[in-house]
Amino acid sequence: MVRLIEYRQLTSILAMFLIVQLAGLLIVFYLLAPAEVTIGTTAGGVSGSGGVSVLFYFVYLIAAAVVMYFLFKKYHGPRLFVAIEAIVVASAAFYLFLIVLTALFPDGANYNIAVALVSGVALVAAKNKWPGLRNFTAVIASVGVGLVLGIFFGSPPAGFIYALTFMALVAVYDYVAVFITKHMITLGRESVNRNLAFMVGSYDVEVLPKGYLKAKEASRLSKEFGVVKSGQLKRLMKSGNVPMPSFSALGAGDLAIPLMVAVSAYVSYLSYFFSALLVACSCLGLVFAMYVSKRYRMALPAIPPLFAFASIGLGIYVMLTTPSDWHLYSLAFIEGIVVLAIMWITAVNQYRKGAGQALMQKRTTSSRS
């Protein structure tokens, strides 16, 4: 029997996703005035080289994923991965703290840099000492990455288009990495097993009557949980119940990229409504991914449905602000619907072939932390 992901795990993931999106937008809305954003992006944004920047970051993302995949396959010690995590988290947190401190204390440049650097290092040290801070650390890092990329890609008027194009490329890569090469499954599983702050996750254990499981599966789970010290769990097991792990996770990139698009929308168009609309659509995209993943028992790439609903959000915004551009919002709607249809059809086909159940089984049994 394959255990489905429970709704409370999905609710926890959705809550962390919302925290990242809302925290990032509040920082941009409250701490950065429109004039400051415009000046900053004009001086250091993508400007005329946006296409090159999009390709550069996309190639960089693929290269980093390939390197991590081979490291997970060939290197099994913890130190290298702890060092990589420290560099990534400290860098992302540094920029987040620096943005906030610069907005609060505009005259303390050197002081702000020093405090931001110390804060980033302290976050890494705290996570290493208390592994339970993984989700908190991943949330902080995701907010930092989303803010920096969103401001960078936000040079008006075309910055938002660059950000959305980057998200489209990542969506294609995510689809290939999960359904074709399947190396993203390995990356996610290893990140969870090593407790790296590259994902947020929710883990729980439930008990089921033995009659709900096959004898072999019940025996395996009873042996695995036989060493648990919980007296209550032992009493439940003695009364004929079997503990069943339930786990759900979401990559830090799935948190940061939608925030990047929402921030770039604000920086490009100075529209609170557009950014909030994109966040609302992103939440719907994540709910769609969760529903399909739960229904068809498989690991589903999150970026494609997130991109699909971001396109729908763009269509809604254009339809409300410039109704005469019917060709533009029609294209955005069609693009989003086509992507969602592709995801649904792929999930159905994978499930019918049995690949979805195999992926879920592998994910469930190897993602305990």
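Helices (H or I, at least four residues) and strands (E, at least two) are DSSP runs, numbered from the N terminus. The model is predicted: local features need pLDDT of at least 70, side-chain atom pairs count only at pLDDT 80 or more, and totals for chains, interfaces and linings use all residues. Residues are numbered from 1 along each chain as its sequence is written, and side-chain values use heavy atoms, with hydrogens and water left out.

**Exercise 1. Confidence and overall make-up**

Task: State the secondary structure content of the protein, its buried share and the elements with the lowest and the highest mean pLDDT.

Solution.
Step 1. The protein comprises 15 helices and two strands.
Step 2. Buried means under 20% relative accessible area, exposed over 50%, and partly exposed in between (1.4 Å probe, protein chains only). Of the 369 residues, 50% count as buried.
Step 3. The predictor's confidence in each residue is the pLDDT, which runs from 0 to 100. Its mean over the protein is 80, and 75% of the residues reach 70 or more. Helix α15 (residues 355-366) has the lowest mean among the elements, 42, and helix α13 (residues 303-321) the highest, 95.
Step 4. A contact requires heavy atoms within 4.5 Å. Over residues 355-369 the pLDDT stays under 50, and the model has 43 contacts beyond four places in sequence for them.
Step 5. Among contacts between residues at least 6 apart in sequence, 82% join residues at least 24 apart.

**Exercise 2. Two packings of α6**

Task: Describe how helix α6 packs with α11 and with α4, giving angle, axis separation and handedness.

Solution.
Step 1. Axes are lines fitted to C-alpha atoms, for helices over the stretch in contact, and angles run from 0 to 180 degrees between N-to-C directions. A crossing is left-handed if the near helix is turned anticlockwise from the far one by less than a right angle, and right-handed if clockwise.
Step 2. α6 (residues 134-152) and α11 (residues 252-269) pack at about 35 degrees, their axes being 7 Å apart. The crossing of α6 with α11 is right-handed. On the α6 side the contact includes Val143, Leu147 and Ile151, and on the α11 side it includes Leu255, Leu259 and Val263.
Step 3. For residue classes, Ala, Val, Leu, Ile, Met, Phe, Trp, Tyr, Cys and Pro count as nonpolar, Asp, Glu, Lys and Arg as charged, and the others, Gly among them, as polar. The contact of α6 with α11 has 12 nonpolar, four polar and no charged residues.
Step 4. α4 (residues 79-104) packs with α6 at about 65 degrees, with the axes 8 Å apart. This crossing of α4 and α6 is left-handed. Its residues include Val89, Leu96 and Ile99 of α4, together with Val143, Leu147 and Ile151 of α6. By class, the residues divide into 14 nonpolar, two polar and no charged.
Step 5. Several residues of α4 are buried, among them Val89, Leu96, Ile99 and Glu85.

**Exercise 3. Helix α12 and its partners**

Task: Why does the length of α12 agree with expectation, and which residues touch Ser275 and Cys283?

Solution.
Step 1. The expected span of a helix is 1.5 Å times one less than its number of residues. The 25 residues of α12 (residues 272-296) should therefore span 36 Å, and the end C-alpha atoms are 36 Å apart, which agrees.
Step 2. Ser275 lies in α12 and is buried, at 0% relative accessible area. Beyond four places in sequence, Ser275 touches Leu25, Phe29, Ala262, Ala265 and Tyr266.
Step 3. Phe29, in helix α1 (residues 7-31), is partly exposed at 22%. Phe29 in turn touches Tyr266, Tyr272 and Ser275, with residues up to four places away not counted.
Step 4. Cys283, also placed in α12, is buried at 12%. Leaving aside neighbours within four places, Cys283 is in contact with Leu14, Phe17 and Leu18.

**Exercise 4. Positive phi**

Task: Where do Lys182 and Leu270 lie, and what phi does each take?

Solution.
Step 1. Most residues other than glycine have a negative phi.
Step 2. Lys182 has a positive phi of about 65 degrees. Lys182 lies in the loop between α7 (159-180) and α8 (183-193) and is partly exposed, at 31%.
Step 3. Leu270 has a phi near 50 degrees. Leu270 belongs to the loop between α11 and α12 and is partly exposed, at 39%.
Step 4. Just after α12, Arg297 takes a positive phi of about 55 degrees.
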